[in-house]
Amino acid sequence: QVQLVESGGGLVQAGGSLRLSCAASGTIFSINLMAWYRQAPGKQREFVAAITSSGTTNYADSVKGRFTISRDNAKNTVYLQMNSLKPEDTAVYYCKVVGTAYIYWGQGTQVTVSS
């Protein structure tokens, strides 16, 4: 059984930084992509960033230049470094791991940015 464990969320002031982690435990095969999504109250879940097995990255326009996604293949872990945080970044952040025959979601971690 595969489990994704997220950590690193919290409360920060505008302009501050946080680093989110998502570690996959259990047996997992053929990871194609790892990604981060977020969902604020009353809004749809939205894409934030993704990284492929080859290292190609993609970011939502709203976070380009501020967020950086990375991964450690040996540890089956994906990270999201968030700098210059804004109040509009406040949301529950979810990691996602995609393979050829499966999709796994993390439990979510709260990020709150105060003015």
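Along strand β1, which side chains point to one face and are buried, and which point to the other and are not?

1. This is a predicted model. In β1, residues 3-7, Leu-4 and Glu-6 are the buried ones, and they point to one face. Gln-3, Val-5 and Ser-7 point to the other face and are not buried. In a regular strand the side chains alternate between the two faces of the sheet.

2. Strand β1 pairs with β3. The two run antiparallel, joined by 5 bridges. Take Glu-6 again: its bridge partner in β3 is Cys-22.

3. Now the interior. The largest nonpolar core holds 31 residues. Trp-36, Leu-80, Met-82 and Tyr-93 have the most contacts inside it. Two or more core residues come from each of β3 (18-25), β4 (31-39), β5 (46-52), β7 (67-72), β8 (77-82), β9 (91-99) and β11 (109-114). In soluble globular proteins, nonpolar side chains tend to be buried together.

4. Look closely at Tyr-93. Beyond its neighbours within four places in sequence, Tyr-93 is in contact with residues including Trp-36, Leu-80 and Met-82. Glu-6 of the β1 strand is also among its contacts, as are Tyr-37, Arg-38 and Val-48.

5. Next, the aromatic rings. The whole structure has 3 aromatic pairs. One aromatic cluster is formed by Tyr-37, Phe-47 and Trp-105.

6. Finally, Arg-45. Its charged end sits over the ring of Tyr-94, 3.8 Å from the ring's centre. Arg-45 also lies over the face of Trp-105, at 4.9 Å from the ring centre. Trp-105 is thus a point to inspect twice: it belongs to the aromatic cluster and has Arg-45 over its face.

Conventions. Residues are numbered from 1 along each chain as its sequence is written. This is a predicted model: local features need pLDDT of at least 70, side-chain atom pairs count only at pLDDT 80 or more; totals for chains, interfaces and linings use all residues. Side-chain values use heavy atoms; hydrogens and water are left out. A nonpolar core is a set of buried Ala, Val, Leu, Ile, Met, Phe, Trp, Tyr and Cys residues joined through side-chain atoms within 4.5 Å. Buried means under 20% relative accessible area, exposed over 50%, partly exposed in between (1.4 Å probe, protein chains only). Helices (H or I, at least four residues) and strands (E, at least two) are DSSP runs, numbered from the N terminus. Contact means heavy atoms within 4.5 Å. Two strands pair if DSSP finds at least two bridges between them. Rings of Phe, Tyr and Trp (its six-membered ring) pair if their centres lie within 6.5 Å; planes under 30 degrees apart count as stacked, over 60 as edge-to-face and the rest as tilted. A charge sits over a ring if NZ of Lys or CZ of Arg is within 6 Å of the ring centre and within 35 degrees of the ring normal.
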